[in-house]
Amino acid sequence: MKSWLEEYYPEVSAAGALGAALKVAAERRACEVGPVDPASSEVRIITERGVVRVGLAAGRRLFMVGIHTPGFTWATGSTDDLGLLVEAVASWKAGMPLDAFESRFDFMELDEFARPLEARDPAPLQWSNLLSSAFYAKQWGLLNRVHGDGALRRLFPTVSHGTVRLRVDPMDGESRHLLVREAGPGLYELRAVGDPASDWVTVGADDVVARLRGVLAGDR
């Protein structure tokens, strides 16, 4: 009796692993996909636009692919054609423009952040998403105050458990960031993460923007 791998992925079964099968397919198509662990059950390929991950669906023939960078998704998709998938991976790695990639490989869906990521400026879309989602309505007052300032608007905002996190470098999840949270009616607490000398400071709503700008500039 055939295993599910033999039944749905005969080329993977014959090669011994997904990584090896992908390398074989790439060679046949004269595609350059870069280093691939031939024994890997999940393929992981590093590119200048995120990490491409390829896996197998169980119970049916479907190669699943996702392209991610820390905190963001570039694109996701799936196909039953390993050769076409290899061409997509090679094209992505080679830097094919997003519009051409989306048109050529219609099984891949670009994430809404793909084009802002390409421009290295995902903050405006993130601000738009937060300020238009009723889920963050409780933070709208603070978010609108911060967004109204030209310098602070360039920071990348996220909200977790009611606390607004403002990341200095939108493309670097480990970059310096500021935290702001409501402390009571008309009051906020803020601090700079990663600064040993920084602790939570309480300020009034009318002063929170100026204080955030000061913390951002390195003032206390």
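Select histidine 161 to begin, and you will find this residue in the loop between strand 6 (156–160) and strand 7. The model on the screen is a predicted one, and in it the phi angle of histidine 161 is near 55°, a positive value in a residue that is not glycine. Most residues other than glycine have a negative phi. Is histidine 161 buried or exposed? With a relative accessible area of 84%, histidine 161 is exposed.

Keep that backbone angle in mind and move to alanine 30, which sits in the loop between helix 3 (18–28) and strand 1 (43–47). The phi of alanine 30 is likewise positive, near 55°, in a residue other than glycine. Alanine 30 has a relative accessible area of 73% and is exposed.

Now zoom out and display the whole protein as a cartoon, where nine helices and 10 strands can be traced. The radius of gyration is 23 Å, well over the 17 Å that the globule rule gives for 220 residues, so the protein is more spread out than a compact globule. If you draw a box along the principal axes, the C-alpha atoms fill roughly 70 × 35 × 35 Å.

Colouring by accessibility comes next, and here buried residues make up 43% of the 220 residues. With a surface switched on, the protein exposes about 11700 Å², of which carbon and sulfur atoms supply 49%. If you then pick out the charged groups, there are 25 positive and 30 negative charges, and their mean positions are 3 Å apart. As for contacts between residues at least 6 apart in sequence, 39% of them join residues at least 24 apart.

From the overview, go to helix 8, which spans residues 140–147, and show the side chains of Leu142, Leu143 and Val146, which are buried. These three cover an arc of only 100° around the axis, which puts them on the same side of helix 8. An α-helix has 3.6 residues a turn, so residues three or four places apart point the same way. What covers the buried residues of helix 8? The cover includes two helices, helix 7 (123–132) and helix 9 (208–216), together with strand 7 (163–167), strand 8 (177–184) and strand 9 (187–193).

Strand 8, one of those covering elements, holds the next residue to select, histidine 177. At 11% relative accessibility, histidine 177 counts as buried, the cut-off being under 20%. Which residues are in contact with histidine 177, once its neighbours within four places in sequence are left aside? They are Arg165, Leu166, Arg167 and Val168, along with Arg191, Ala192 and Val193. A distance drawn from the C-alpha atom of histidine 177 to that of leucine 216, 39 residues away along the chain, comes to 8.6 Å.

End the tour at glutamate 109, in strand 5 (residues 108–110). At 58% relative accessibility, glutamate 109 counts as exposed. Apart from neighbours within four places in sequence, glutamate 109 is in contact with Trp74, Ala75 and Thr76. A last distance to draw runs between the C-alpha atoms of glutamate 109 and serine 132, which lie 23 residues apart along the chain and are separated by 23 Å.

Technical notes:
Residues numbered from 1 in each chain as written. Predicted model: local features only at pLDDT ≥ 70, side-chain atom pairs only at ≥ 80, totals over all residues. Heavy atoms only, no water. Helix = DSSP H or I, 4+ residues; strand = E, 2+ residues; numbered from the N terminus. Rg over C-alpha atoms; globule rule 2.2 N^0.38 Å. Buried < 20%, exposed > 50% of the residue type's maximum accessible area, 1.4 Å probe, protein only. Contact = heavy atoms within 4.5 Å. Areas by Shrake-Rupley, 256 points an atom, 1.4 Å probe, with all protein chains shown as cover. Lys, Arg positive; Asp, Glu negative; His and termini not counted. Charge placed at Lys NZ, Arg CZ, Asp CG, Glu CD. Arc of directions from axis to C-beta.
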